[in-house]
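Trainee: Could you take me through one sheet of this protein, strand by strand, together with whatever packs on it? I would like a close look rather than a tour.

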Amino acid sequence: MQFNEFGLILFVENYNECISFYRDVLQLNVSMEKETLVKFELPTGYLMVEKGGVGSNQEKLRNENPTVIRFDVELLESTVEELEKRGVQFNDKKLTFDWGSIAVLNDPDGNRIEIGELI
(Lines give C-alpha, C1' and ligand atoms only; values in the text may rest on other atoms or scores of the structure.)
Protein backbone atom coordinates (compact mmCIF):
# COMPACT_ATOMS: atom_id res chain seq x y z
CA MET A 1 0.00 0.00 0.00
CA GLN A 2 1.32 3.43 -0.88
CA PHE A 3 0.01 6.51 0.88
CA ASN A 4 0.15 9.87 -0.85
CA GLU A 5 0.27 12.10 2.21
CA PHE A 6 -0.04 12.07 5.99
CA GLY A 7 -2.46 14.43 7.67
CA LEU A 8 -3.60 15.26 11.16
CA ILE A 9 -7.10 16.66 11.61
CA LEU A 10 -7.59 18.78 14.72
CA PHE A 11 -11.18 19.55 15.68
CA VAL A 12 -11.39 22.81 17.65
CA GLU A 13 -13.98 24.90 19.45
CA ASN A 14 -12.16 28.25 19.25
CA TYR A 15 -11.91 28.01 15.49
CA ASN A 16 -10.98 31.59 14.52
CA GLU A 17 -8.42 31.88 17.32
CA CYS A 18 -6.84 28.55 16.37
CA ILE A 19 -6.68 29.48 12.68
CA SER A 20 -4.99 32.76 13.58
CA PHE A 21 -2.58 30.96 15.91
CA TYR A 22 -1.43 28.36 13.39
CA ARG A 23 -1.39 30.81 10.46
CA ASP A 24 -0.09 34.02 12.05
CA VAL A 25 1.87 32.93 15.12
CA LEU A 26 3.35 29.60 14.00
CA GLN A 27 3.31 30.91 10.41
CA LEU A 28 2.14 27.70 8.77
CA ASN A 29 1.21 28.16 5.12
CA VAL A 30 -2.44 27.67 4.19
CA SER A 31 -2.95 25.25 1.31
CA MET A 32 -6.75 25.09 1.39
CA GLU A 33 -9.50 27.04 3.10
CA LYS A 34 -13.18 26.16 3.29
CA GLU A 35 -16.02 27.45 5.46
CA THR A 36 -15.37 25.07 8.37
CA LEU A 37 -11.75 24.00 7.88
CA VAL A 38 -8.28 25.19 6.99
CA LYS A 39 -5.49 22.93 5.75
CA PHE A 40 -1.94 23.97 6.67
CA GLU A 41 1.12 22.70 4.82
CA LEU A 42 3.76 20.79 6.76
CA PRO A 43 7.08 19.51 5.42
CA THR A 44 5.84 15.90 5.40
CA GLY A 45 2.07 16.26 5.29
CA TYR A 46 -0.57 18.61 6.61
CA LEU A 47 -2.44 19.83 9.66
CA MET A 48 -6.13 20.43 9.11
CA VAL A 49 -7.96 22.56 11.66
CA GLU A 50 -11.69 22.03 11.59
CA LYS A 51 -14.71 23.28 13.53
CA GLY A 52 -16.37 20.92 15.96
CA GLY A 53 -14.05 20.26 18.88
CA VAL A 54 -14.09 21.06 22.57
CA GLY A 55 -11.76 23.75 23.85
CA SER A 56 -10.16 24.30 27.23
CA ASN A 57 -8.71 27.35 28.98
CA GLN A 58 -5.76 25.25 30.11
CA GLU A 59 -3.75 22.39 28.67
CA LYS A 60 -6.00 19.44 27.99
CA LEU A 61 -5.29 16.36 30.05
CA ARG A 62 -4.41 13.13 28.26
CA ASN A 63 -7.90 11.76 28.88
CA GLU A 64 -9.26 14.84 27.07
CA ASN A 65 -6.75 14.74 24.20
CA PRO A 66 -4.15 11.94 24.23
CA THR A 67 -2.12 13.50 21.40
CA VAL A 68 0.67 16.06 21.17
CA ILE A 69 1.46 18.15 18.11
CA ARG A 70 5.26 18.18 17.70
CA PHE A 71 7.25 20.50 15.48
CA ASP A 72 10.95 19.59 15.37
CA VAL A 73 13.44 22.40 14.74
CA GLU A 74 17.21 22.73 14.38
CA LEU A 75 17.67 25.19 17.27
CA LEU A 76 15.19 25.14 20.12
CA GLU A 77 16.41 28.21 22.00
CA SER A 78 16.24 30.61 19.05
CA THR A 79 12.84 29.22 18.01
CA VAL A 80 11.48 29.80 21.53
CA GLU A 81 12.82 33.37 21.46
CA GLU A 82 11.24 34.03 18.07
CA LEU A 83 7.87 32.66 19.18
CA GLU A 84 7.97 34.69 22.39
CA LYS A 85 8.39 37.83 20.26
CA ARG A 86 5.15 36.82 18.53
CA GLY A 87 3.37 36.62 21.89
CA VAL A 88 3.60 32.90 22.65
CA GLN A 89 3.65 31.99 26.32
CA PHE A 90 5.37 28.72 27.07
CA ASN A 91 4.42 26.24 29.79
CA ASP A 92 8.06 25.11 29.75
CA LYS A 93 10.83 26.70 27.69
CA LYS A 94 13.14 23.72 27.88
CA LEU A 95 12.72 20.18 29.12
CA THR A 96 15.74 17.97 28.46
CA PHE A 97 15.69 14.22 27.84
CA ASP A 98 18.32 11.72 26.67
CA TRP A 99 16.92 11.99 23.10
CA GLY A 100 16.72 15.81 22.94
CA SER A 101 14.87 18.83 24.33
CA ILE A 102 11.37 20.26 24.00
CA ALA A 103 9.54 23.46 24.77
CA VAL A 104 5.84 23.18 25.63
CA LEU A 105 2.98 25.52 24.73
CA ASN A 106 -0.74 25.31 24.04
CA ASP A 107 -2.91 26.43 21.16
CA PRO A 108 -6.04 28.52 21.93
CA ASP A 109 -8.06 25.32 22.44
CA GLY A 110 -5.66 23.92 25.04
CA ASN A 111 -4.04 21.36 22.75
CA ARG A 112 -0.47 20.58 23.76
CA ILE A 113 2.22 21.58 21.28
CA GLU A 114 5.88 20.72 21.64
CA ILE A 115 8.77 22.34 19.82
CA GLY A 116 11.52 19.73 19.71
CA GLU A 117 15.24 19.65 19.13
CA LEU A 118 16.50 16.10 18.66
CA ILE A 119 20.05 15.02 19.42
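Mentor: Happily! Let's start with strand E2 (residues 30-33) and strand E3 (residues 37-42), which pair in the antiparallel sense over three bridges. Pairing here asks for at least two bridges found by DSSP between two strands. Helices (H or I, at least four residues) and strands (E, at least two) are DSSP runs, numbered from the N terminus. Before going further, note that this is a predicted model, with pLDDT of at least 70 needed for local features and 80 or more for side-chain atom pairs, while totals for chains, interfaces and linings use all residues. Residues are numbered from 1 along each chain as its sequence is written, and side-chain values use heavy atoms, leaving out hydrogens and water.

Back to the first two strands. Methionine 32 has lysine 39 of E3 opposite it, and a hairpin of three residues links E2 to E3. On to the next pair: E3 and strand E4 (residues 45-51) run antiparallel, joined by six bridges. If you want a register to check in your viewer, leucine 37 has glutamate 50 of E4 as its bridge partner. The link from E3 to E4 is again a hairpin, through two residues.

Proline 43 sits in that loop between E3 and E4. With a relative accessibility of 84%, proline 43 counts as exposed, because exposed means over 50% relative accessible area, buried under 20% and partly exposed in between (1.4 Å probe, protein chains only). For a distance, take the C-alpha atoms of proline 43 and leucine 118: they are 17 Å apart, with their positions 75 residues apart along the chain.

Now assemble the sheet. Four strands make it up, in the order E1-E4-E3-E2, and the sheet is open with mixed pairing. Strand E1 (6-12) and E2 form its edges, each pairing on one side only. On average, neighbouring strands are turned by 20° against each other, direction ignored; the axes are lines fitted to C-alpha atoms, for helices over the stretch in contact, and angles run from 0 to 180 degrees between N-to-C directions.

And what packs on it? Helix H1 does, touching E1, E2, E3 and E4, and its direction makes about 160° with that of E4. Contact means heavy atoms within 4.5 Å. H1 spans residues 15-25, and its buried residues are Tyr15, Cys18, Ile19, Phe21, Tyr22 and Val25. Just after the helix, look at glutamine 27, where phi is positive at about 60°.

For context, there is another open sheet with mixed pairing, its four strands ordered E5-E8-E7-E6. Its edge strands are strand E5 (69-72) and E6, with pairing on one side only for each, and the twist from one strand to the next averages 25°. Inside that sheet, seven bridges pair E7 with strand E8 (residues 112-118) in the antiparallel sense, and valine 104 stands opposite glutamate 114 in E8. Between strand E6 (92-97) and strand E7 (100-106), the loop holds tryptophan 99, which is partly exposed at a relative accessible area of 35%.
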